[in-house]
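Keep the model open in a viewer and make each selection in turn. The stops below cover helix packing and a metal site.

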Amino acid sequence: MKEGATLIEYGQVIDAQAMVEPPEATELELEPGHPGLGDEGYVQRRRGLFDLCRRHRLENLGPPIIEYTPEETRIWREVSPKLDELHVQHASSIYLKAKRTLGISDQEIPQLRLLSDRVHQETQMHLVPAEGPIPYRIFYQYIAKRGFPVTQFIRHGSHPEFTPEPDMIHDCLGHVPPLMNRDYAELLTLIGKAASTTNRGDYVLMLKRFSWFSIEFGLIEENNETKVFGAGILSSTGEIPFSLSKDVYRRPFVTDTVIETDYDPSRMQDKLFIIPSFAFLRSEIENLIRRLNIPVL
Ligand SMILES: [Fe+2]
C-alpha cells in the first residue's frame with residue numbers, strides 16, 4: 001500500500017473480494033513491510049497488548065485500562081491535532097458533537113473503557129477490545145450484540161500518519177464518535193445481525209459494500225455542504241481533503257448502486273457516496289434486509 005493512501009488494511013474485517021478468510025490469529029503477526037518490523041521494543045509492546053486485549057475479548061472483560069508509553073503519547077499528540085483541525089472543517093456536525101461530548105482529547109490517549117461506558121449510556125452500544133483484525137463473521141457477531149471491536153495499540157512512530165492496519169487512531173477517532181448517534185447505532189447493529197445470520201456469500205458481499213461506502217467511507221449532506229462521517233476518511237489526514245477534492249467521483253447514496261460497487265482497500269478511495277441523513281441510511285438497510293429476506297428485523 002502506498003504511503004499516504006488510506007491507512008487501513010480493512011481486509012480481514014471488510015474485504016469484498018475475500019469471501020474465504022484466514023483463520024483467527026492467535027498471536028501477533030505484522031505483515032511484510034510493516035514499519036514496526038525490526039523494532040524489537042515495538043514488537044514486544046504489540047505482543048503484550050495483543051495478548052491482553054485478546055484475553056479481555058475472549059473473557060468478556062471489556063477494554064483493559066492501558067498505561068500508554070511516552071512514545072505512544074507522542075504519536076497521538078502528533079497525529080490527533082492535525083486530524084482535529086481537519087475534523088472541525090470537514091466532519092459531520094453529528095461526529096464533531098459526539099467527539100466533544102466524549103471528551104476525546106488531542107493530547108491524551110483516551111481509555112476505551114471510559115469511552116465504552118459513555119457510549120453505552122447514550123445508545124446501549126459498547127466497545128469490545130480487539131487484539132487486531134478479527135474475521136468478518138466474528139466481527140459482525142459482536143456488532144449484532146451491540147459491541148464494536150476496537151484496537152488499543154498505536155501505529156509505529158516512524159510513520160505517524162500511516163498504518164497498514166486499523167489501530168487506535170482509526171478506531172477511536174473514526175469509529176467511536178458516531179456510535180453516540182441512535183440511528184447510526186441501530187443501523188450498525190442491523191448490518192451486524194444480517195451479516196452474521198445469512199449464509200449467502202453474495203448477501204454478505206452486499207452488506208460489506210454497504211458498510212464500506214457508509215461506515216468506513218461515507219459522506220453526508222449537511223446544510224448544502226458535503227461533510228465526512230466515514231471512519232476510514234476521518235482517521236486519515238490524506239483521505240479527508242482527498243474525499244472532497246475534484247479527483248473523487250461523488251454521487252448520492254443509492255443502495256442498489258452501492259451494493260453493486262466494488263472497492264479497493266489498498267488505495268485512496270475515488271468513488272464515494274453521499275447520504276442525506278443517518279435516518280435515511282437506517283431505513284435503507286432495513287429495506288435491503290427485508291428485500292434479501294434475512295430474518296433479523
Ligand atoms: Fe474501520
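Select helix H8 (residues 201-216) and helix H12 (residues 278-292). In this predicted model, the two axes lie 12 Å apart and the helices pack at an angle of about 175 degrees. An angle over 145 degrees counts as roughly antiparallel, and H8 and H12 are therefore roughly antiparallel to each other. Show side chains next: H8 contributes Tyr203, Met206, Leu207, Phe210 and Ser214 to the contact, and H12 contributes Leu281, Glu284, Ile285, Leu288 and Leu292. By class, eight of these residues are nonpolar, one is polar and one is charged.

Stay on H8 and go to Glu216. What coordinates the iron ion? The donors are His170 (NE2), His175 (NE2) and two OE entries from Glu216, at 2.2 to 2.6 Å. The angles subtended by the four donor atoms run from 53 to 151 degrees, which makes the arrangement irregular. Along the chain, the donors follow the spacing H-x4-H-x40-E. Colour helix H6 (residues 168-175) as well: His175 in H6 and Glu216 in H8 are 41 residues apart and link distant parts of the chain.

Now select helix H5 (residues 136-144) and helix H7 (residues 182-197), whose axes come within 7 Å and cross at roughly 135 degrees. That angle makes H5 oblique to H7. The crossing is left-handed. On the H5 side, display Tyr136, Arg137, Tyr140, Gln141, Ile143 and Ala144. The H7 side includes Leu188, Ile191, Gly192 and Lys193. This contact has seven nonpolar, five polar and two charged residues.

Methods: Residues are numbered from 1 along each chain as its sequence is written. This is a predicted model: local features need pLDDT of at least 70, side-chain atom pairs count only at pLDDT 80 or more; totals for chains, interfaces and linings use all residues. Side-chain values use heavy atoms; hydrogens and water are left out. Axes are lines fitted to C-alpha atoms, for helices over the stretch in contact, and angles run from 0 to 180 degrees between N-to-C directions. Helices (H or I, at least four residues) and strands (E, at least two) are DSSP runs, numbered from the N terminus. Angles under 35 degrees count as roughly parallel, over 145 as roughly antiparallel, 65 to 115 as roughly perpendicular and the rest as oblique. A crossing is left-handed if the near helix is turned anticlockwise from the far one by less than a right angle, and right-handed if clockwise. Contact means heavy atoms within 4.5 Å. Ala, Val, Leu, Ile, Met, Phe, Trp, Tyr, Cys and Pro count as nonpolar, Asp, Glu, Lys and Arg as charged, and the others, Gly among them, as polar. Donors are N, O and S atoms within 2.8 Å of the metal (3.2 Å for Na, K and Ca); water is not among the atoms, so sites may look incomplete. Four donors count as tetrahedral if all angles lie between 85 and 135 degrees; four count as square planar and six as octahedral if opposite donors are over 155 degrees apart and all others between 65 and 115; anything else is irregular.
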